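Biologist: I should like to examine this model with you, one point at a time. Please reason each answer through before stating the result.

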Amino acid sequence: MTTFRDALVAHREAINNLNVYPVPDGDTGTNMSLTMQSVVEELDGVDSALESVCAAIAHGSLMGARGNSGVIMSQILRG
């Protein structure tokens with residue numbers, strides 16, 4: 001999750017530039033990277049049991065979801 005977050009941060013502007021439909025608001029990369037930051041923070045201190053890790057990913061992504069792209073990503077991570 002940390003590596004995924006770091007990749008989103010590194011490519012945030014490129015992803016923002018792809019965001020032109022339906023409204024060119026240019027914030028998809030920013031919203032996705034902020035959502036992943038919430039996941040990483042939620043995982044801090046969680047035990048390594050698979051159930052705990054999965055619950056933390058689902059909760060952190062939903063509670064920290066930013067914009068439509070963050071909400072969509074949170075549902076993908078939850079799945």
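Biologist: In which helix does Asp6 lie?

Modeller: The model is predicted, so local features need pLDDT of at least 70, side-chain atom pairs count only at pLDDT 80 or more, and totals for chains, interfaces and linings use all residues. Residues are numbered from 1 along each chain as its sequence is written, and side-chain values use heavy atoms, with hydrogens and water left out. Helices are DSSP runs of H or I with at least four residues, numbered from the N terminus. On that basis, Asp6 lies in helix α1.

Biologist: Is Asp6 buried, partly exposed or exposed?

Modeller: Buried means under 20% relative accessible area, exposed over 50%, and partly exposed in between (1.4 Å probe, protein chains only). Asp6 has a relative accessibility of 39%, so Asp6 counts as partly exposed.

Biologist: Which helix gives the most to the largest nonpolar core?

Modeller: A nonpolar core is a set of buried Ala, Val, Leu, Ile, Met, Phe, Trp, Tyr and Cys residues joined through side-chain atoms within 4.5 Å. The largest one has six residues: Leu8, Met32, Met36, Val39, Ile57 and Met73. With three residues, the most comes from helix α3 (residues 28-43).

Biologist: Which residues does Asn31 contact, leaving aside its neighbours within four places in sequence?

Modeller: Asn31 is found in helix α3 and is buried, with a relative accessible area of 11%. Contact means heavy atoms within 4.5 Å. The partners of Asn31 beyond those neighbours are Arg66, Gly67 and Ser69.

Biologist: What distance separates the end C-alpha atoms of α3?

Modeller: The expected span of a helix is 1.5 Å times one less than its number of residues. For the 16 residues of α3 this gives 22 Å, which agrees with the end C-alpha separation of 23 Å.

Biologist: Are α4 and α5 roughly parallel or roughly antiparallel?

Modeller: Axes are lines fitted to C-alpha atoms, for helices over the stretch in contact, and angles run from 0 to 180 degrees between N-to-C directions. Angles under 35 degrees count as roughly parallel, over 145 as roughly antiparallel, 65 to 115 as roughly perpendicular and the rest as oblique. The axes of α4 (residues 50-63) and α5 (residues 67-78) come within 8 Å and cross at roughly 170°. The two helices are therefore roughly antiparallel.

Biologist: Which residues of α5 meet α4?

Modeller: On the α4 side, the contact is made by Ile57, Ala58, Ser61 and Leu62. Their counterparts in α5 are Ser74, Gln75, Leu77 and Arg78.
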